[in-house]
Amino acid sequence: MIRPATPDDTQAIVDLTVDAELFTTEEAVIVTQMLADHFGPKAGDGQVCVVDDVENRLVALAYYEPHVATDRTWELVMIGVHREQHRRGRGAALLHHVEDDLRSREQRLLLVETSALPAFDRARAFYRARGYDEEARVRDYFQDGDDMVLFRKKLHP
């Protein structure tokens with residue numbers, strides 16, 4: 001069941017981001033801080049965090065936020081699915097949920113940044129299969145030799 005995340009989900013979300021290899025254990029502090037802001041002082045800034053529960057176990061998450069100083073443009077900051085749940089449609093369902101939420105609020109554009117490294121081939125194929133266009137590539141964005149690939153999807157004609 002896809003639902004809004006709550007503060008009680010924080011540790012499970014952090015654990016999931018490590019399991020889904022979105023972040024290393026050392027980098028997980030980034031997610032902890034992001035969620036602390038989301039549930040705390042930045043609660044009204046528009047960020048959205050949703051999770052997918054299966055039998056009271058968090059198995060997937062998506063976090064998205066508006067781009068400042070743009071006309072209804074959003075960024076999918078992260079989406080992750082527990083390894084045991086890969087290839088079961090959970091990521092696609094979660095992404096569809098995000099897109100439907102934004103469409104219902106008449107938002108215009110959704111952007112996704114990902115790495116160009118071979119380890120992210122499946123992620124890039126995932127976005128392409130769901131109608132996202134590769135819009136740009138920024139060389140050495142994440143670090144030397146690790147380009148950022150920017151995908152976009154128009155949400156309204």
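Is Glu55 buried or exposed? In this predicted model, Glu55 counts as exposed, at 78% relative accessibility. Glu55 sits in the loop that joins strand 2 (48-54) to strand 3 (57-66). There is also something odd about its backbone: Glu55 is not a glycine, yet its phi is positive, at about 50°. Most residues other than glycine have a negative phi. Glu21 does the same sort of thing, with a positive phi of about 60° and, again, no glycine to account for it. That residue falls in the loop between helix 1 (10-19) and helix 2 (28-39). With 59% relative accessibility, Glu21 also counts as exposed, because the cut-off for that label is over 50%.

Moving on to the sheet, strand 7 is a good place to start. Running from residue 146 to residue 154, strand 7 is mostly covered, with seven of its nine residues buried. It has strand partners to consider too. Strand 5 (residues 109-115) pairs with strand 7 in the antiparallel sense, over seven bridges. Within that pairing, Leu109 has Lys154 of strand 7 as its bridge partner. Strand 6 (residues 133-143) also runs antiparallel to strand 7, this time over six bridges. Here Val138 stands opposite Met148 of strand 7.

Strands 6 and 7 make up a hairpin, and two residues lie between them. Gly145, in the turn, has a positive phi of about 85°. The hairpin also carries a side-chain link: Arg137 and Asp147 meet in a salt bridge, 3.8 Å from N to O. Arg137 belongs to strand 6 and Asp147 to strand 7, so this pair ties together parts that are 10 residues apart in sequence. The two ends of the bridge differ in their cover: Arg137 is partly exposed at 44% relative accessible area, whereas Asp147 is buried at 15%. Asp147 earns that label because buried means under 20%.

Strand 6 has a greasy side to its story as well. Val138, Tyr141 and Phe142 make a nonpolar surface patch of about 270 Å². Tyr141, found in strand 6, is partly exposed, with a relative accessible area of 42%. Val138 thus turns up twice, once opposite Met148 and once in this patch. As a general point on strands, side chains in a regular one alternate between the two faces of the sheet.

Which residues does Arg124 touch, leaving aside those up to four places away in sequence? The list is Thr114, Ser115, Ala116, Leu117, Val149 and Phe151. Arg124 itself is placed in helix 4 (residues 121-129). Despite being an arginine, Arg124 is buried, with just 8% relative accessible area. Arg128 makes for a contrast: this arginine is partly exposed, at 42%. Its side chain meets that of Glu134 in a salt bridge of 2.8 Å, N to O. Glu134 counts as partly exposed too, at 35% relative accessibility.

Salt bridges come up elsewhere as well, and the structure holds 16 of them. One of these joins the side chains of Asp71 and Arg72, at 2.9 Å from N to O. Both ends have some access to the surface: Asp71 is partly exposed, with a relative accessible area of 41%, and Arg72 is partly exposed at 35%. Then there is a network of salt bridges, in which Glu99, Asp100, Arg103 and Lys153 are linked.

Finally, there is His82, which sits in the loop between strand 4 (73-81) and helix 3 (90-104). Although it lies in a loop, His82 counts as buried, with 13% relative accessibility. Which residues does His82 touch, not counting those up to four places away in sequence? Leu16, Asp19, Arg57 and Val59 are the ones. With Arg57 there is a polar contact as well, side chain to side chain, at 3.1 Å.

Technical notes
Residues numbered from 1 in each chain as written. Predicted model: local features only at pLDDT ≥ 70, side-chain atom pairs only at ≥ 80, totals over all residues. Heavy atoms only, no water. Buried < 20%, exposed > 50% of the residue type's maximum accessible area, 1.4 Å probe, protein only. Helix = DSSP H or I, 4+ residues; strand = E, 2+ residues; numbered from the N terminus. Pairing = 2+ DSSP bridges. Patch = residues over 30% accessible without salt bridge, like charges linked within 9 Å, V, L, I, M, F, W, Y side chains within 5 Å. Areas by Shrake-Rupley, 256 points an atom, 1.4 Å probe, with all protein chains shown as cover. Salt bridge = Lys/Arg side-chain N within 4 Å of Asp/Glu carboxyl O. Polar contact = N/O pair within 3.5 Å; in protein donor to acceptor, adjacent residues only side chain to side chain. Contact = heavy atoms within 4.5 Å.
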